[in-house]
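Open the model in your viewer and keep the selection tool ready. We will go stop by stop.

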Amino acid sequence: MNDCAAEFFSAVAAAIKEAACTQEGRQIPLNAGVTAFHDAARKCAEAGRKVIYIGNGGSASIASHMSVDLWKNGGIKSQCFNDPSLLTCLANDLGYEHVFSTPVESFAESGDMVVAISSSGKSANIINAAQTALEKGCLLVTCSGFGPDNPLRKMGNLNFYVPSRIYGVVETAHSAICHAVVDCAISCRK
């Protein structure tokens, strides 16, 4: 019988070890990417700006969790657009592909940071919101996985890519990356 837990933990460790990060189109080490993410979030806060997280499904949970932790524990203003009333209203009235781009259009300001999390990197609503964020002059950070050619991976100023096609592995790695940023923010507050 296979040891599923050992296989999962091994896959997560390998995915984090093999995770790639690009900044402005050039490859950088993962730890440098986390530092760049944290430093940009800190500069955003110092300029009176905010960090906005978006994601679907498991990525929505990561977005909500990290938004709260970054604000409460890291001292950086943050928000997340995962309220059920917001999502169902916009999906009903405008289509699900616009549930994040519409609030980004309304609430994001130039100089804000948008963190777009998508395991596949192909979700239309995340891609649309990422494009809107760039058009608004926001710094865009992306977290994606699955195929290395996913469109989200190429959109951000800072892009984290997890080379796995297993949702749990990609989501766990994205959570670890985002937690590392929050932990850096907490350390800076001490």
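## Stop 1: helix α2

Select helix α2 and colour its buried residues: Gly33, Val34, Ala36, Phe37, His38, Ala40, Ala41, Arg42 and Cys44. Keep in mind that this is a predicted model.

Now check the helix length. Helix α2 covers residues 30-46, which makes 17 residues. At 1.5 Å a residue they should span 24 Å, and the end C-alpha atoms are indeed 24 Å apart, so the two values agree.

Look again at the buried positions. An α-helix has 3.6 residues a turn, so residues three or four places apart point the same way.

Step just past the end of α2. Glycine 48 is there, with a positive phi of about 80 degrees.

## Stop 2: the largest nonpolar core

Which residues touch the most other members of the largest nonpolar core? Select Phe37, Val51, Tyr53, Met113 and Phe160: these are the ones, in a core of 34 residues. Next, show the elements that each supply at least two residues of this core: α1 (4-18), α2, β3 (51-55), α3 (57-72), β5 (113-118), β6 (139-144), β7 (158-161) and α7 (167-189). Helix α7 gives the most, with eight residues.

In soluble globular proteins, nonpolar side chains tend to be buried together.

Zoom in on methionine 113. Set aside its neighbours within four places in sequence. Methionine 113 is then in contact with Phe37, Ala40, Ala41 and Cys44, with Lys50, Val51 and Ile52, and with Leu139 and Val141.

A second core lies apart from the largest nonpolar core. It has 20 residues, including Val99, Val104, Ala108 and Ala116.

## Stop 3: aromatic pairs

How many aromatic pairs does the structure hold? There are four. We will visit two of them.

Select phenylalanine 37 and phenylalanine 160. Their ring centres are 6.0 Å apart and their planes meet at 35 degrees, so the pair is tilted. Phenylalanine 37 belongs to helix α2 and phenylalanine 160 to strand β7, so this pair ties together parts that are 123 residues apart in sequence. Are these two residues buried or exposed? Both phenylalanine 37 and phenylalanine 160 are buried.

Move on to phenylalanine 146 and tyrosine 167. Their pair is edge-to-face, with 4.8 Å from centre to centre and 70 degrees between the planes. Phenylalanine 146 is in the loop between β6 and β7, while tyrosine 167 is in helix α7. The two are 21 residues apart, so the pair links distant parts of the chain. Phenylalanine 146 counts as buried, at 15% relative accessibility.

One more ring deserves a click. Select tyrosine 161 and arginine 153. The charged end of arginine 153 sits over the ring of tyrosine 161, 4.1 Å from the ring centre.

## Stop 4: the salt bridges

The whole structure has three salt bridges. Select Arg49, Lys50, Glu109 and Asp112, which salt bridges link in a network.

Start with arginine 49 and glutamate 109. Their side chains meet at 2.8 Å, N to O. Arginine 49 is in the loop between α2 and β3, and glutamate 109 is in the loop between α5 (101-107) and β5, so the pair ties together parts that are 60 residues apart in sequence. Arginine 49 is partly exposed, at 26% relative accessibility. Glutamate 109 is partly exposed as well, at 38%.

Turn to lysine 50. Its side chain meets that of glutamate 109 in a salt bridge of 3.6 Å, N to O. Lysine 50 counts as buried, at 13% relative accessibility. Lysine 50 also forms a salt bridge with aspartate 112, and here the closest N and O atoms are 2.6 Å apart. This pair joins the loop between α2 and β3 to the loop between α5 and β5, so it ties together parts that are 62 residues apart in sequence. Aspartate 112 is buried, with a relative accessible area of 1%.

## Stop 5: helix α6

Finish at helix α6, residues 124-135. Its twelve residues reach 16 Å from the first C-alpha to the last, close to the 16 Å expected at 1.5 Å a residue.

Which residues of α6 are buried? Select Asn125, Ile126, Ile127, Ala129, Ala130, Thr132 and Ala133. Now show what surrounds them: the buried residues of α6 pack against β3, α5, β5 and β6.

Last click: glycine 137, just after α6, takes a positive phi of about 85 degrees.

How values were computed
Residues numbered from 1 in each chain as written. Heavy atoms only, no water. Helix = DSSP H or I, 4+ residues; strand = E, 2+ residues; numbered from the N terminus. Expected span 1.5 Å × (residues − 1). Buried < 20%, exposed > 50% of the residue type's maximum accessible area, 1.4 Å probe, protein only. Core = buried A, V, L, I, M, F, W, Y, C linked by side-chain atoms within 4.5 Å. Contact = heavy atoms within 4.5 Å. Phe/Tyr/Trp six-rings, centres within 6.5 Å; stacked < 30°, edge-to-face > 60°. Lys NZ or Arg CZ within 6 Å of the ring centre and 35° of its normal. Salt bridge = Lys/Arg side-chain N within 4 Å of Asp/Glu carboxyl O.
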